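Thanks for sharing this one. Here are my notes on the aromatic side chains, in the order I went through them.

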Amino acid sequence: MRAVLVGIDFGKGDFAASMEELQLLARSAGADPVTTITAKRSSPDAAYFVGSGKADEIGQAVLAERIEIVIFNHALSPAQQRNLEKRLNIRVLDRTSLILDIFAQRAKSHEGKLQVELAQLQHLATRLIRGWTHLERQKGGIGLRGPGETQLETDRRLIGERVKMLRSRLAKLRKQHETQRRSRNRTQTFSISLVGYTNAGKSTLFNAVTKAGVYAADQLFATLDTTSRRVYMNEEVGHVVLSDTVGFVRELPHQLVAAFRATLEETIHADLLLHVVDAASPVRMEQIEQVNLVLQEIGADHIPQILVWNKIDAAGLEPSVERDEYDKISRVFLSARTGQGLDLLRDAITEWAKAAPGARLQQPYETEEELEEVESSPTLTHVGSH
C-alpha cells in the first residue's frame, strides 16, 4: 500500500529520529512509504493539524504519487481526521491507529488478541463522536435497536457492551497470572523481566540466555507474545525466571497501556529488570527515557534495573560492566547476536539474585515438568512494545 508520511516539527525532541521511526512503523504495518512531507509549526492547526496550505500539498502528492493512504506522525483529533479525509478524499491514519494496527497484526495468543481488540475499541469510541454523517441517521424498528435510536447511539452502545465483555475476560486472565505468581513466590524464585525500546534486541537476548527460540526480527514489535522460562544460572543461585516483554515506543497509545496492564504486571512483580538498550542507536538516551516513562506509568519504576547495552558489535564497544556508587552492577555491555558479554550478564544476575531479600540460593525441583515453561502470555506494553 503506497503511503505518504506526514510529520510536523514543533521543536521538541529529535524530529529526524521520530520520522525514521515512523518509516519503520509504516513498513511494519505493511505500507510502502513513497514520500515524506514535513513542516515546522509552533502549534497544530485546529482544523487540519497541518494547516490548509500544507493539506493541499499533501493532496498534490497523493495525486502525483498514486498514494493509497496518508500516515501522520501525530495523534489526530476525530475532527482533524475527518476534515483531512474529506479534503484529500483518501484514508488518513494517525500514529495511534498505526501502532494499534501493527499490534492487531502481530497478536497471536488469545489474550493478546483480546487486549488489542479492547484497545482498538476504546480508540474507536473516541472517533464516533460527530464522526461520520451515516452514523447519525435515525433507525426505527423493534428488536436490536429501540425506536428512534440513531446509528451513532447503537454503535456506541454495542462497542460499550463489547468493551465490558473484554474487560471481564481479561480480569479472569489476570487472576490466573496472580495464581502463577503466587506459586513462584512460594518457591521464592528470583524473577527477571526484559524491558526496553522496541527493536533493542530483547527477544534475541532472551533466546541467547534461554535457548527458547522466540521469534526475533529486525523490525518494530516483531513479537507481542511474552514468554517466561526458568533458566539455570549456576550452583549458587539455581534457577531464575526470565520473561521477555513487548517493546515500548515513544508516544505509545494510552489505550494499549491500559489494555495490556494485566500482562504488564508481570513486569511490575519482577525482582529485577534488564533494561535492554540499542547501544548503536544515536537516540539511545531518549529511548531509555521513553521506556522509563512507561515503567513509571505502570508502577514499575521502583524495581531495580540493570542497563544492558546490547549490539556492542555494531557500536564498536567491548564487553564490560559498570558499577554504581553502591558497588552494584548497573550496566552490562554485550552483544546478544554474537554472544560477547553474556557471561558478564549471568554473573550480574547471580550477584543480584544472591543479594535479594529472602532469596533461596538453591531451589529444589522435584520433576522435569517444573523446569519447563512457566507461562506464555502477551504483554505490553506498550506499551510500547504508552
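Is Phe-72 buried or exposed?

1. Phe-72 is buried, its relative accessible area being 0%. Please keep in mind that this is a predicted model, so this value, like the others below, is computed from the prediction.

2. Phe-72 has a ring partner in Phe-49. Phe-49 and Phe-72 are edge-to-face because their planes stand at 85°, over the 60 degrees required, with the ring centres 6.3 Å apart. This contact links distant parts of the chain: Phe-72 belongs to strand S3 (residues 69-72), while Phe-49 sits in the loop between S2 and H2, 23 residues apart.

3. Phe-49 also counts as buried, at 5% relative accessibility.

4. The count of aromatic pairs comes to three. One of them joins Phe-10 and Phe-49, edge-to-face with 5.9 Å centre to centre and 85° between the planes. Here too, distant parts of the chain are linked, the two residues being 39 residues apart. Phe-10 lies in the loop between strand S1 (2-9) and helix H1 (15-28), and Phe-49 in the loop between strand S2 (32-40) and helix H2 (52-64).

5. Phe-10 is partly exposed, with a relative accessible area of 25%. That value is not under 20%, so Phe-10 does not count as buried.

6. Taken together, Phe-10, Phe-49 and Phe-72 make up one aromatic cluster.

7. One more ring deserves a look: Tyr-48 has Arg-87 over its face, at 4.9 Å from the ring centre.

Key
Residues numbered from 1 in each chain as written. Predicted model: local features only at pLDDT ≥ 70, side-chain atom pairs only at ≥ 80, totals over all residues. Heavy atoms only, no water. Phe/Tyr/Trp six-rings, centres within 6.5 Å; stacked < 30°, edge-to-face > 60°. Helix = DSSP H or I, 4+ residues; strand = E, 2+ residues; numbered from the N terminus. Buried < 20%, exposed > 50% of the residue type's maximum accessible area, 1.4 Å probe, protein only. Lys NZ or Arg CZ within 6 Å of the ring centre and 35° of its normal.
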